[in-house]
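Here are some short exercises to work through with the model open beside you. Try each task before reading its solution.

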Amino acid sequence: MANIVRAIGDRSIRAYIDPERGTVSRELYVNDDIFAQELEQIYQRCWLLLGHESQIPNPGDFVVTRMGTEEVLMVRDRKDHKIRAFLNSCRHRGMKVCRYDEGNTLVFTCPYHAWTYDTKGKLVGVGFGNYANAYTDTLPTGSEEWGLVEVGQICNFYGSIWATWDPKAPSFQDYLGPFAESLRHCLQSSDGEDAGLEFFTPFQRHRIPTNWKVPGFTSVTDLTHTAMTHRSAQAAGLHEDRGTGKETAKPFPQEKYAIGDHNLGHGGMCTFYDQLGVPDYANEWFEPGVDDYFRAQTERKKLLIADRIMPPHGWGGGHFAIFPAVMVDSWRIRYYHPHETGITERWSLFGVDKNAPDHVKDAVRHYAERFNGPVGFFESDDMENWNYVFPASQGATARKYDYFYRNGLGHGKYDDRLPGVVVNGSYTEEAHRARFSRWLAFMEAKSWDDLYPLNKSANHNIWPGVDGQASAKA
Ligand code: FES
Ligand SMILES: [Fe+2]
């Protein structure tokens, strides 16, 4: 297969995926041209996670986050207290206007020639501007035109902050589709209050030598990797010292699936609860007093949603993915920033009830560190695999051999409880295939007008055989 990648909108990129055979070319993971096009077609258009409002509680607070390969400043304005996001690149000659990870500021002054921006991104001063009229009236002070580049849209979704560069993108709620209620649920405190979490800072960050899609497209519903990859952690009984929700959910009547929404690209574990309300709390903490806190919270939550069924994804039943590369659990959010074709940064956010007492927050933080920290298990197991995938796949020989994504192909079915979503058993690569359906749709689309849900009649499912139907329901 040729290495030459076409111009935007050229459908020849389809040749890199063979839906009938259930395979994907390794070029998608190792080819620099494809990577460059992903940044334009996917990262310029999709809603991307910036962080959480709890990182910047006070006026003037800011953090540096990322959208694709680029740094973005997420700032709470000093006057209206709204959260905005700007490219961290000076409009004069492109220097980073902010070289700190986080802080509180009156203004952002560029270290190069002192162009200065307020917390709304407006240019409010320049070096020698007023004093010597150094710009000879070519640059009016307060120029709207030369402010920091602001994102196209920003959304505070129950405390989590998302943005897209594309003003034409659908609302974040529409972008999530049927996954919106599940994300909302995962952002509630343990007593069921909306936006009830705060996130520990600074986030855990790992720079990993692999393509962003290695973890980003396959690290949910990859149930066949666990017994092998996490063998040492399982042997140490790490799960048993504080469950991930499984223990509390077990007695509750439920059906588990892995699903992929081919039109939206989201997918993952899905638990249909067959009973109203919330399961009884089961003890799971070592630390004294922590179970008491969570048991009382669960009782409050029971009252709150006694007459409802919990949303299907994430809570107590594994995790789900939001396209392109965010993984949501009921106790953490992980996302993957591309840096280069073979370099990715993984950020992990761990949430805790913002109103919890300190001993509970400490216990939750310690668990997150045991599970995911630099000296923890699980995530380091995963990264060991992801990191070797890239060098072992990019060679002249290796890249000629396609990856296998056929697991469960043709065994999917629809379920009326989840419109537009293909349902399958637990051990399946359906969610992975859904990501490639959406990936291809973005790579081929000329604009959001071609893409679901702005184009309601779009059918992005490229894979064959769903109960005899060729494609996903709209
Ligand atoms: S590059 Fe920022 S002031 Fe010149
Ligand atoms: Fe894993």
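The exercises below go from the whole chain to the domains, the core and a small sheet.

This is a predicted model, in which local features need pLDDT of at least 70, side-chain atom pairs count only at pLDDT 80 or more, and totals for chains, interfaces and linings use all residues. Residues are numbered from 1 along each chain as its sequence is written, while chains are lettered from A and ligands numbered from 1 in the order in which they are written.

**Exercise 1. Describe the overall fold.**

Step 1: Count the helices (DSSP runs of H or I, at least four residues) and strands (runs of E, at least two), numbered from the N terminus. The protein has 13 helices and 23 strands.

Step 2: Check the compactness. The radius of gyration (over C-alpha atoms) is 23 Å, close to the 23 Å that the globule rule (2.2 Å times the number of residues to the power 0.38) gives for 474 residues, so the protein is as compact as a globular protein of that length.

Step 3: Look at burial. A residue is buried if 20 or more other C-beta atoms, placed from the backbone, lie within 10 Å of its own; such residues make up 44% of the 474.

**Exercise 2. Find the domains and the side of domain 1 that touches domain 2.**

Step 1: Using bounds from an automatic or database domain assignment, separate domain 1 (1–47 + 169–474) from domain 2 (49–153). Their centres, taken over C-alpha atoms, are 32 Å apart.

Step 2: Count contacts (C-beta atoms, placed from the backbone, within 7 Å). Here 14 residues of domain 1 meet 11 residues of domain 2.

Step 3: Name the contributors on the domain 1 side. Helix H2 (32–43), strand E13 (197–199) and strand E19 (332–340) each supply at least two residues, with the largest share, 4 residues, coming from E19.

**Exercise 3. Locate the largest nonpolar core.**

Step 1: Join buried Ala, Val, Leu, Ile, Met, Phe, Trp, Tyr and Cys residues through C-beta atoms within 7 Å. The largest core has 115 residues, and Leu50, Met74, Ile259 and Val326 have the most contacts inside it.

Step 2: Place this core. Helix H13 (residues 430–444) gives the largest share, 8 residues. Both domains contribute, so the core lies between them.

**Exercise 4. Order the strands of the open three-stranded sheet E8-E9-E10.**

Step 1: Pair the strands (at least two DSSP bridges). E8 and strand E9 (residues 116–117) run antiparallel, joined by 2 bridges; Thr109 has Thr116 as its bridge partner in E9.

Step 2: Find the edges. Strand E8 (108–109) and strand E10 (123–125) each have a single partner strand, so one side of each is left without a neighbour in the sheet.

Terms used: Two residues are in contact if their C-beta atoms, placed from the backbone, lie within 7 Å. A residue is buried if 20 or more other C-beta atoms lie within 10 Å of its own, exposed if 12 or fewer, and partly exposed in between; C-beta atoms are placed from the backbone.
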